[in-house]
Amino acid sequence: MIEFHSVTKRFPDGTLAVDDFSLALPSHKTTVFVGTSGSGKTTLLRMINRMVDPTSGSIDIDGADIGTLEPVQLRRGIGYVMQNSGLLPHRRVVDNVATVPMLRGTPKRKAREEALVLLDTVGLDRSLANRYPNQLSGGQQQRVGVARGLAVNPNILLMDEPFGAVDPIVRAELQQELLRLQRELGKTVVFVTHDIDEAFLLGDRVVILRTGGKVAQVGTPAEILANPIDEFVATFVGADRGKRSLHVENRGDGDIVVDGTGRLAGVLVGSRSPTASSTVGTGESKAGPRGPGAPAQGGDSR
Amino acid sequence: MTWIWSNLDLIWDRTIDHLVLSVPSIFLSFVIALPFGWLAHRYRTSRAVILTTVGVLYAIPSLPLFIVLPFIVGTSIRSPLNLIIALTLYGVALMVRVVADGLGSVDRDVQQSATAVGFSGWTSFWQVELPLAGPVLLAGLRVVAVSTVSLATVGAVIGAQNLGSLFTDGFQRGIQAEIIAGIVATVLLALALDAVLVLLGRLLMPWTRRSASGARTRRDAVVAGVAT
């Protein structure tokens, strides 16, 4: 369990990034920090592995105050995945994955063998092992990044907008992969994003932040969607615009599902009978039907 | 030409003399420039001080330096050591800025992520920053190598034997072939050292070689993605 106790962070230039933040993040669950830029979400994440130290307050991991731990040792025990993968461009894929175990003293041969197994875990072909990162696609690089994050079998995995720089199709794929991995591995994942849809998809708990690192609302996606606590949250999750309300329209060829902004969200299968409305998919889900006329994935943009 | 054929031994000996002067100087310049370049890269105040100092150092005319240096370090004026020290000073003057710029050229995201996964400052410098600064360092080292080889010839004026001796001697005795041989041999030696450095770079930095094929791989992947 990760616990923030009245954590405040003021940067030397006077910016208040996080203001009196207290929260306990449950183990083996995914907690997503979501907010616009300047909401302090990345700062909060980086305080967990002491990339940033709080100005006041403290953070405990499993009851131990990390302020008393040696930062380098602490970081070697926590998985970290960042945007643009952050891989070392001068090392081959397999060596990138083996990096942290080798820093911890695992013999090279063993670390590489385990790295190859991790490539399987994240769904990468072993034939990519000897390539350099710039020889991979963006999506493949992110997968390597995830493999590296898992390499020391950490309890905690920190993910800083890991899928922010890949195209929507690859992003959807990576998100599903992460859900699968999380079902198998049950890590304590802390995930940072500015994408509310991603937050709702991946998060067991979602923490919506407003500017200056203040919590706007904490809850499960369902709780937040059902009861946005105030105007800010309602706007942020798009409830105010009726973005998530779906209705059926008949446009000649058959009944189609349309969201609040008038975008196509899916087709009604077997739509001759009006009672078939139970087959409606939501705009965000991958399970949407893909018949002719179905919209491309990722058509929903804010 | 006949002069050259009958004096191949001499040219060879002077080439070796020249190598003995230049190679240690180039190597020492690099090694000494590393900590100073790092300091200049790391702290803003030391950057100003160090870079100004090396700038001034490089502005010292070579001939006076060759003559004054023995009195400062206590070597004999014709000693190769004297020349090596002077050449190293010039090399350091060029290289410090290159090291500072090279370290500055390393992608901040990569450094951040190295820190985030648990590299300590020391390990990160040797295993991440220095290798990634490699291409810039190599470019600078090539300039230092060529300029050291050419600068070493000035040593001939104060009597230190090297390829420069061929043209001082040629001038004095009016042997044109000897002058030309000196110039050509100096240029060839500079080119040879440059080639060695390029090869060394390819050997030590294989990832820079592959980026071209990497771009192709990415494009192929996109094409394949469209086809399916």
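**Exercise 1. Strand pairing in chain A**

Determine how β1(A) pairs with β2(A) in this predicted model, and what lies between the two strands.

Solution.
Step 1. Locate the strands: β1 covers residues 2-10 of chain A and β2 covers residues 16-25.
Step 2. Find the sense of the pairing: the two strands are antiparallel, joined over six bridges. One partnership to check is A:E3, whose bridge partner in β2(A) is A:A24.
Step 3. Look at the turn. Five residues separate the strands of this hairpin, and A:G14 adopts a positive phi near 100° there.
Step 4. Look for another partner of β1(A). Strand β4 (residues 56-61) of chain A also pairs with β1(A), in the antiparallel sense and over five bridges. Here A:T8 is opposite A:S56 of β4(A).

**Exercise 2. A helix with two faces**

Compare the span of α6(A) with the expected value, then find which residues are buried and which are exposed on the face turned away from them.

Solution.
Step 1. Helix α6 of chain A runs over residues 168-185, which is 18 residues. At 1.5 Å a residue it should span 26 Å, and the end C-alpha atoms are 25 Å apart, so the two values agree.
Step 2. The buried residues in α6(A) include A:R171, A:L174 and A:L178. They lie on the same side of α6(A), because their arc around the axis is only 65°.
Step 3. Recall the geometry of helices. An α-helix has 3.6 residues a turn, so residues three or four places apart point the same way.
Step 4. Turn to the other face: A:R183 and A:E184 are exposed on the face of α6(A) turned away from the buried side.
Step 5. Identify the cover. The elements over the buried residues of α6(A) include α5 (138-150) and α7 (196-202) of chain A.
Step 6. Finish at the end of the helix, where A:G186 follows α6(A) with a positive phi, near 60°.

**Exercise 3. One residue in a loop**

Is A:L69 buried, partly exposed or exposed, and what does A:L69 touch?

Solution.
Step 1. A:L69 sits in the loop that links β5 (64-65) to α2 (71-76) of chain A.
Step 2. Count the neighbours. A:L69 has 14 C-beta neighbours inside 10 Å, and therefore counts as partly exposed. The cut-offs are 20 or more for buried and 12 or fewer for exposed.
Step 3. Leaving out residues up to four places away in sequence, A:L69 touches A:A64 and A:L74.
Step 4. Take a distance along the chain and in space: A:R50 is 19 residues from A:L69, and their C-alpha atoms are separated by 9.3 Å.

**Exercise 4. Chain A as a whole**

Summarise the secondary structure, burial and contacts of chain A.

Solution.
Step 1. Chain A has nine helices and 13 strands.
Step 2. Of its 302 residues, 40% are buried.
Step 3. Among contacts in chain A with a separation of 6 or more, 59% join residues 24 or more positions apart.

**Exercise 5. Chain B and its contact with chain A**

How many residues does each chain give to the contact, and which element of chain B gives the largest share?

Solution.
Step 1. Chain B gives 21 residues and chain A gives 20 residues.
Step 2. On the chain B side, α6 (108-117), α7 (121-152) and α11 (211-227) each give two or more residues. The largest share, seven residues, belongs to α6(B).
Step 3. Sorted by class, this side of chain B holds ten nonpolar, eight polar and three charged residues.
Step 4. Add the record. An unreviewed UniProt entry places "domain: ABC transmembrane type-1" at residues 15-201 of chain B. In the model, those residues are 86% helix and 0% strand.

Conventions. Residues numbered from 1 in each chain as written. Chains lettered and ligands numbered in written order. Predicted model: local features only at pLDDT ≥ 70, side-chain atom pairs only at ≥ 80, totals over all residues. Contact = placed C-beta atoms within 7 Å. Helix = DSSP H or I, 4+ residues; strand = E, 2+ residues; numbered from the N terminus. Nonpolar A, V, L, I, M, F, W, Y, C, P; charged D, E, K, R; others polar. UniProt positions renumbered as here; feature names shortened; annotations may be inferred. Pairing = 2+ DSSP bridges. Expected span 1.5 Å × (residues − 1). Arc of directions from axis to C-beta.
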